Amino acid sequence: RAPVKGLVQDTHVRQGEVVHKGQLLFTLSIMKMHQVFAPADGVVTKIYAASGDIVEKGDVLLTCSNDNNNKPVQTKEENNATKPTTSTWAPELAEIAERKKLAAKLGGEAGITRQKNAGKLTVRQRIAALLDEGTFVEVGSVTGKATYKDGSLSSLLPSNCVGGTGKISQKQVVISGDDFTIRGGHADGGIAFKSAYLETLARNLRVPMTRLLD
């Protein structure tokens, strides 16, 4: 099963192929690469995801036969889920979730109001209007300048480059645009790296690169 929602970058096996425990089956791409491995020896009976597909967390990627049973292939994370652990990533995951909430607010109410008063949509609204509904998978949403108080995240000024993957008329694309609610769209020191990554992603996936200009 898919460990995260993301883009299937590579499918490393074919239907009918004999696979062995630990063999790489899929590579998923979102903010980083996620690899899906075979939990046991078997034969691939059916593949449900192809390169370029967007999959949801928990989606069955393929089934394998093993002792006459077809079972969805699990990720290493799922195999280890029942093992006892002495540590937890809960604080880090909570901070990532909070960063995503703060990033969704763009440059704040003042910047959004200024954009609306100019008769313009925000970059997130423009991306949503252009792409097929529900297909946008954002890349690097948590990047930006964070402020901490007593060791906890208190605020985040997100990068004003918003981008990721999506579909236009059911065709896969990489899309990006500048957020003019932050510094009037003026680039920060790290935005070039994020834009360049999205362009590289488009080349690697061999899909069109769509850039929105205000």
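How many bridges join strand β9 to β12, and in which direction do the two strands run? In this predicted model, two bridges join β9, which covers residues 137-138, to β12, and the two strands run antiparallel. One of the pairings can be followed at the level of single residues, since Glu138 has Gly164 in β12 as its bridge partner. As general background, the strands of a sheet pair through backbone hydrogen bonds, and they may do so in a parallel or an antiparallel way.

Strand β12, which spans residues 161-168, is a good place to stay for a moment. This strand is mostly covered, with six of its eight residues buried. Cys161 in particular has a relative accessibility of 0% and therefore counts as buried, the cut-off for that word being a value under 20%. Besides its pairing with β9, β12 is joined by eight bridges to strand β13, residues 171-178, and these two strands also run antiparallel. Within that pairing, the bridge partner of Cys161 is Asp178 in β13.

What do β12 and β13 form, and how many residues lie between them? They form a hairpin, with two residues between the strands. Ser169 lies in the loop between β12 and β13, and Gln170 has its place in that loop as well. Both are worth looking at for their backbone angles: phi of Ser169 is near 50 degrees, a positive value in a residue other than glycine, and phi of Gln170, also positive in a residue other than glycine, is near 70 degrees. Most residues other than glycine have a negative phi. In contrast to the covered strand that precedes them, the loop residues are open to the surroundings, for Ser169 is exposed at a relative accessible area of 58% and Gln170 is exposed at 68%.

From this hairpin we can turn to the beginning of the chain and to another sheet. Four strands make up an open sheet in the order β4-β3-β1-β6, and their pairing is antiparallel. The strands at its edges are β4, residues 33-37, and β6, residues 54-55; each has a single partner strand, so one side of each is left without a neighbour in the sheet. The partner at the β6 end is β1, residues 6-11, which is joined to β6 by two bridges in an antiparallel arrangement. Here Gly6 stands opposite Val55 in β6.

Val55 also leads from the sheet to the interior, as it is among the residues with the most contacts inside the largest nonpolar core, a group of 15 residues. The others named for their many contacts are Val19, Leu25, Phe26, Leu28, Leu61 and Leu62. Two elements, β3 (24-29) and β7 (62-66), each give two or more residues to this core, and β3 gives the most, with three residues. In soluble globular proteins, nonpolar side chains tend to be buried together. For a view from one member of the core, take Val19: leaving aside its neighbours within four places in sequence, Val19 is in contact with Val13, Leu25, Ala38, Ala40, Asp41, Gly42, Val44 and Cys64. Cys64, one of these contacts, is itself buried, with a relative accessible area of 10%. Although cysteines are present, the structure holds zero disulfides.

The last stop is helix α2, which runs over residues 90-104. With 15 residues, α2 reaches 21 Å from its first C-alpha to its last, close to the 21 Å expected at 1.5 Å a residue. Which residues of α2 are buried? They are Arg99, Leu102 and Ala103, and, seen down the helix axis, they fall within an arc of 95 degrees, so they line one face of α2. On the other side of the helix, Leu93 and Lys101 are exposed. The buried residues pack against α4 (123-130), β10 (144-149) and β11 (152-158). Ser155, in strand β11, gives a closer view of this region: apart from its neighbours within four places in sequence, Ser155 is in contact with Leu102, Lys145, Ala146 and Thr147. Its relative accessibility is 33%, so Ser155 counts as partly exposed. Ser155 and Glu98 are 57 residues apart in sequence, and their C-alpha atoms are 9.3 Å apart in space. Just after α2, the backbone shows another positive phi, of about 55 degrees, at Leu106.

Key. Residues numbered from 1 in each chain as written. Predicted model: local features only at pLDDT ≥ 70, side-chain atom pairs only at ≥ 80, totals over all residues. Heavy atoms only, no water. Disulfide = S-S within 2.5 Å. Buried < 20%, exposed > 50% of the residue type's maximum accessible area, 1.4 Å probe, protein only. Pairing = 2+ DSSP bridges. Core = buried A, V, L, I, M, F, W, Y, C linked by side-chain atoms within 4.5 Å. Contact = heavy atoms within 4.5 Å. Expected span 1.5 Å × (residues − 1). Arc of directions from axis to C-beta.
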